[in-house]
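Here's a walk through one chain, with its charged pairs up front and the fold behind them afterwards. Have the coordinates open while you read.

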Amino acid sequence: IVNSPAPALTGDLGYRRILVAVDGSGRSDWALNLAATIAVGHGAELELLHVVEEPRMSPRVRESVEGRDVLERLIELNRREAYRRLDEIKAALPKDLATRFRVVVAPDVAAAIDDVATSGEADLTILSAHGWSVQPGQPLSPIAEALVAHASRPVLVLQDALDQEFVLKPAAGVPARSARVERRQRADAG
């Protein structure tokens, strides 16, 4: 999906920066596999983003000392888990793939993804249609739906199978950049 106004198509049409939103679910890992393959094929940098959603609380609870303590503790636990998971993912990605990792805390996950894509000038944002927020019968999670409707940069939403859990492939599962470049060069020469 490329929302209006579309970016100008000038020069090289390949991807330089690809942002992939991950949430620690197998479905986001599945989307990451394809994002890594696209990044390798284009020689693009891959940025993995995990947005820790600020939990909702009633205003009175949020303003109380106890409420603030609980909120801060919950956010910190989720942030630590996000970094732990990103470390696992990093170990499974090809070593020659340029990657960055970011964890952001925000009240609105979709807006945070779009903000990071825009500020980092991502050429493409990739995410799974569902993550932890699997709703039977819904083609898109509320996060994917919001990005499809409002993202300021191009978005690729991958429809996953709702009845399966996916596992991140090891680094060997993603084609090597050199093999991809060699195939492209042979095709151009032939």
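Let's start with a charged pair: the side chains of Glu-45 and Arg-17 meet in a salt bridge, at 3.9 Å from N to O. Glu-45 sits in strand E2 (residues 45-53) and Arg-17 in strand E1 (residues 17-21), so this pair ties together parts that are 28 residues apart in sequence. Bear in mind that this is a predicted model. With a cut-off of 4 Å for a salt bridge, the 3.9 Å of Glu-45 and Arg-17 is within the limit. As for surroundings, Glu-45 is partly exposed, with a relative accessible area of 23%, and Arg-17 is partly exposed too, at 28%.

**More charged pairs**

The structure holds 11 salt bridges. Another of them links Glu-47 and Arg-100, whose closest N and O atoms are 3.2 Å apart. Which strands does this pair connect? Glu-47 belongs to strand E2 and Arg-100 to strand E3 (residues 99-106), so the pair ties together parts that are 53 residues apart in sequence. The two ends sit in different categories: Glu-47 is buried, with a relative accessible area of 7%, whereas Arg-100 is partly exposed, at 33%.

Then there's a pair inside a helix. Arg-80 forms a salt bridge with Glu-76, with 3.6 Å between the closest N and O atoms. Both residues lie in helix H3 (residues 65-92), four residues apart, which is about one turn of the helix. Arg-80 is partly exposed, with a relative accessible area of 44%, and Glu-76 is partly exposed, at 30%.

Some of these bridges share partners: Arg-17, Glu-45, Glu-47, Arg-100 and Arg-102 are joined that way into one network. As general background, side chains of opposite charge can pair when their charged atoms come close.

Here are the three pairs again, side by side:

| Salt bridge | Closest N and O atoms |
|---|---|
| Glu-45 and Arg-17 | 3.9 Å |
| Glu-47 and Arg-100 | 3.2 Å |
| Arg-80 and Glu-76 | 3.6 Å |

**The fold behind them**

The chain has six helices and five strands. Reading from the N terminus, its elements run β-α-β-α-α-β-α-β-α-β-α.

In what order do the strands line up in the sheet? The five strands form an open sheet in the order E3-E2-E1-E4-E5, with parallel pairing. E3 and strand E5 (155-158) are the edge strands, each pairing on one side only. From one strand to the next, the twist averages 20 degrees. In general, strands of a sheet pair through backbone hydrogen bonds, either parallel or antiparallel.

For a look inside the sheet, try E1 and strand E4 (residues 124-128): they run parallel and are joined by three bridges. Leu-19 stands opposite Thr-125 in E4.

Now add two of the helices. H1 lies across E1, E2, E4 and E5, and runs at about 150 degrees to E4. Helix H5 (residues 142-150) lies across E4 and E5, running at about 155 degrees to E4.

**Two residues to zoom in on**

Ser-28 is part of helix H1 (residues 26-42). Is this serine buried or exposed? Ser-28 is buried, with a relative accessible area of 2%. A polar atom of its side chain lies 3.1 Å from the backbone oxygen of Ser-25. Leaving aside residues up to four places away in sequence, Ser-28 touches Ala-21, Val-22, Asp-23 and Ser-128.

Glu-121 is worth a look for its backbone: its phi is near 50 degrees, a positive value in a residue other than glycine. Where is Glu-121 found? Glu-121 lies in the loop between helix H4 (109-119) and E4. There, Glu-121 is partly exposed, with a relative accessible area of 45%.

**Whole-chain numbers**

Of the 190 residues in the chain, 37% count as buried. The accessible surface comes to about 10800 Å², and 54% of that belongs to carbon and sulfur atoms. As for contacts between residues at least 6 apart in sequence, 77% join residues at least 24 apart.

Note on methods:
Residues are numbered from 1 along each chain as its sequence is written. This is a predicted model: local features need pLDDT of at least 70, side-chain atom pairs count only at pLDDT 80 or more; totals for chains, interfaces and linings use all residues. Side-chain values use heavy atoms; hydrogens and water are left out. Buried means under 20% relative accessible area, exposed over 50%, partly exposed in between (1.4 Å probe, protein chains only). A polar contact is a pair of N or O atoms within 3.5 Å; within protein, one must be able to donate a hydrogen and the other to accept it, and residues adjacent in sequence count only if both atoms are side-chain atoms. Contact means heavy atoms within 4.5 Å. Accessible areas come from the Shrake-Rupley method with a 1.4 Å probe; for residues, only the protein chains shown count as cover. Two strands pair if DSSP finds at least two bridges between them. Axes are lines fitted to C-alpha atoms, for helices over the stretch in contact, and angles run from 0 to 180 degrees between N-to-C directions.
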